Amino acid sequence: MQRNNNMARRLGRRKEPSREKVLLKERELAEGGLNKRVAVYLSKFYNKGVIDGIGTVFAKGKESDIYVASPGTADIVKGEPYVIVKMFRVQNSSFFSMEDYIIGDPRFKKIGRTKQEIIGTWCKKEFGNLEIAQFAGIAAPKPYMYNGNILAMQYIGTDDGPAPRLVDAGLDRTEAESMLRTIIDYTKRLHRRGLVHGDLSEYNILVHGDKPYFIDFGQAVVTRHPHAEEFLKRDVWNVVNYFRKAYGAAMTVDEAYAEVAAAGPRQQSRP
Ligand SMILES: Nc1ncnc2c1ncn2[C@@H]1O[C@H](COP(=O)(O)OP(=O)(O)O)[C@@H](O)[C@H]1O
Ligand SMILES: [Mg+2]
């Protein structure tokens, strides 16, 4: 490397960055550091009054870093204690599996070619899916805005902290029975609106008050997607089996699936 750099200098070419420098940069980005492009995308959230300040990373997902921000002056965030800012990682994201969930979705014929573009499409897709969740009348964060690889949405939780994931919620038997019924009902309502979550599990549901809030809608697909039925079966299987194992719930996967599928997609995904 050193030799190559010396040679490059002699030949008047640009010096290659050292391996340490590259690794440092990758680590910064992987750990939620903000590069210039991200800072530019973020500035729009300040300008629109959706956020006023941003804290440190409070959760790390597979593909994203989640920040808690303070709300700005925009009407949509009025009265909210916080705003959730989800930044999709451009480095280190498994964007090949992202493609699987975008290709086949008739809403996204053009998904872009560069990593940045594909992740932009993914972000837009999660925003659109959260809108459909609102139209379906289920409990899910309200989407506020997106720009580039950044999405702002409603914070689910209290002043004291974010709502726990279902897996950490520690319900009693009666609460669990009613929670499972609501989750099946929400899955049915979404399906009727033409959407399948696609990654529903005890990790992507937050328990707030007595309601299950569905989150993490990036991979959700419209029912016209060729794998929609397969994803729907897997979603139902995941939640019903979780409740059977963790709480001894009596509902079976077949019963639950029959209920969800019977509702059928009655309308297009947009009102
Ligand atoms: N709207 C929200 N309100 C409160 N906490 C949230 C919200 N969205 C995400 N979180 C927290 O951040 C974690 C990761 O978010 P998620 O959307 O599941 O990201 P990933 O796609 O990377 O898995 C969640 O498990 C949850 O604890
Ligand atoms: Mg998740």
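Strands β9 (residues 205–208) and β10 (residues 211–214) run antiparallel and are joined by 4 bridges. Helices and strands here are DSSP runs (H or I, at least four residues, for helices; E, at least two, for strands), numbered from the N terminus. Strands pair if DSSP finds at least two bridges between them. H208 stands opposite K211 in β10, and V207 stands opposite P212. The two strands form a hairpin with 2 residues between them. In that turn, G209 has a positive phi of about 60°.

This is a predicted model: local features need pLDDT of at least 70, side-chain atom pairs count only at pLDDT 80 or more, and totals for chains, interfaces and linings use all residues. Residues are numbered from 1 along each chain as its sequence is written, while chains are lettered from A and ligands numbered from 1 in the order in which they are written.

Now the open sheet. It has 5 strands in the order β1-β2-β3-β5-β4, with antiparallel pairing. β1 (51–60) and β4 (143–147) stand at the edges with a single partner strand each, so one side of each has no neighbour in the sheet. Neighbouring strands are turned by 25° against each other on average, direction ignored. Inside the sheet, β2 and β3 (residues 83–88) are joined by 6 bridges. S64 has F88 in β3 as its bridge partner. Helix α5 (residues 115–136) packs on the sheet and touches β3, β4 and β5. Contact requires C-beta atoms, placed from the backbone, within 7 Å. The direction of α5 makes about 165° with that of β4. Axes are lines fitted to C-alpha atoms, for helices over the stretch in contact, and angles run from 0 to 180 degrees between N-to-C directions.

Helix α3 (residues 36–47) allows a length check. Its 12 residues should span 16 Å at 1.5 Å a residue, and its end C-alpha atoms are 17 Å apart, which agrees. The expected span is 1.5 Å times one less than the number of residues. Just after α3, G49 takes a positive phi of about 75°.

Last comes ligand 1. It has 20 residues around it, of which A59, G61, P141, I156 and D216 come nearest. Strands β2 (64–71) and β5 (150–154) each give two or more residues to this shell. Domain 1 (35–158) and domain 2 (164–263) each supply at least three.

Terms used:
Near = placed C-beta within 6 Å. Domains from an automatic or database assignment. Contact = placed C-beta atoms within 7 Å.
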